Amino acid sequence: MTQWSNGYQQQQPPQYYAPPPPPPRRNTVAVALIASLSLLVVLVVAIVVVIAVRRGDDDGSTATPATSASTQSGPVDTCLVGNWRQSQYAATMDFSSIYDAKNKALGTVRVTGSGRLWRITADGKATEDFTSTRYSGRTEDGRSVDMTFTGTNEWTLKTQGGQLLFVSTGSTVELTITVDGKQAEQTNVEPHNNPQPYTCLPNSWKTQSLTDATASAQYDRV
């Protein structure tokens, strides 16, 4: 399951230590999303992102080598070079730290969607555009949940041993979560570097998350 997480010290008297107070109900939420890079192959890239929320805190598998006709003369596999659009995305999100307008936690939500764009160049520079990205799902009790985004991520990429390696060079991505059409959260998304296995296929690529067996994404050439 894709999760949300993060973490938090007065001199105590020599005895009778009082337990620390419980953390606030809401602080920083760590959301694991799947970011797919595309190319002549299908790969699914999981990018763990930490979301700085105004209210409160919450964040395996085995790598599969790139297959198909993948070659490499520079920092990245040539099958990943090009412009790509996310055509499929699916993940199970733990939204226990997100609350609706009635102050009811969302719990676990299975989301699907598409729309993320990647531009990857032969020198490993990449731009990930979230402007048209939308993921949707429903809570266990039927509430509608939508995730929409604005902004871009800038990356330096490298492929090695069948894995895609990320180094963030800047981000302006913002996430908005609505529940039954009403805004529940709006927050900046701060990407974390996270290697992912990839597989190249003709005119697309796909990745599968190493940390969430339910998470996957596909990118098609545009």
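## Close-up views of a predicted all-strand model

**View 1. T169 is an exposed residue of the predicted model, with a relative accessible area of 51%.** The cut-off for exposed is over 50%, so T169 at 51% falls in that class. The model shown here and in the views below is predicted. T169 sits in strand β10, which covers residues 163-171. Leaving aside residues up to four places away in sequence, T169 touches E154, W155 and T156. One of these partners, W155, is buried, at a relative accessible area of 1%. A126 lies 43 residues from T169 in sequence. In space, their C-alpha atoms are 9.6 Å apart.

**View 2. The whole protein holds 16 strands and zero helices.** Of its 222 residues, 47% are buried. The exposed area is about 10,700 Å². Carbon and sulfur atoms supply 51% of that area. Confidence varies along the chain. The mean pLDDT is 77. A pLDDT of 70 or more is reached by 68% of the residues. Over residues 3-65 the pLDDT stays under 50. For that stretch the model has 251 contacts beyond four places in sequence.

**View 3. Strand β3, residues 82-99, is mostly covered and pairs with strands β4, β5 and β16.** Buried residues account for 13 of the 18 in β3. Its pairing with β4 (residues 105-114) is antiparallel and runs over eight bridges. Here A90 stands opposite T112. Five residues lie between the two strands of this hairpin. Among the hairpin residues, N103 takes a positive phi near 65 degrees. Strand β5 (residues 117-120) is antiparallel to β3 and is joined to it by four bridges. G82 of β3 faces I120 of β5 across this pairing. Strand β16 (residues 216-221) is also antiparallel to β3, again with four bridges. In that pairing W84 stands opposite R221.

**View 4. T133 is a buried loop residue whose side chain reaches backbone in another part of the chain.** The loop lies between β6 (125-129) and β7 (134-138). T133 has a relative accessibility of 3%, which is why it counts as buried. Its side chain reaches the backbone nitrogen of R116 at 3.3 Å. R116 is also one of the residues that T133 touches, not counting those up to four places away in sequence. The others are Q86, S114, G115, M147, T148 and F149. F149 belongs in turn to an aromatic cluster with Y89, F130 and Y135.

**View 5. S209 is a buried loop residue whose side chain reaches two backbone nitrogens.** S209 is placed in the loop between β15 (204-208) and β16. Its relative accessibility is 4%. The side chain reaches the backbone nitrogen of T211 at 3.0 Å. The backbone nitrogen of D212 is likewise reached at 3.0 Å.

**View 6. Seven aromatic pairs are found in a search of the whole structure.** The ring centres of W84 and W205 are 6.3 Å apart, with planes at 75 degrees, so this pair is edge-to-face. W84 belongs to β3 and W205 to β15, so the pair ties together parts that are 121 residues apart in sequence. Both W84 and W205 are buried. A further edge-to-face pair is formed by W155 and F166, at 5.2 Å centre to centre and 65 degrees between the planes. W155 lies in β9 (residues 152-160) and F166 in β10, so this pair ties together parts that are 11 residues apart in sequence. How buried or exposed are W155 and F166? W155 is buried, at a relative accessible area of 1%. F166 is buried as well, at 4% relative accessibility. Strand β10 thus appears in two views: it holds the exposed T169 and the buried F166.

Methods
Residues numbered from 1 in each chain as written. Predicted model: local features only at pLDDT ≥ 70, side-chain atom pairs only at ≥ 80, totals over all residues. Heavy atoms only, no water. Buried < 20%, exposed > 50% of the residue type's maximum accessible area, 1.4 Å probe, protein only. Areas by Shrake-Rupley, 256 points an atom, 1.4 Å probe, with all protein chains shown as cover. pLDDT = per-residue confidence, 0-100. Contact = heavy atoms within 4.5 Å. Pairing = 2+ DSSP bridges. Polar contact = N/O pair within 3.5 Å; in protein donor to acceptor, adjacent residues only side chain to side chain. Phe/Tyr/Trp six-rings, centres within 6.5 Å; stacked < 30°, edge-to-face > 60°.
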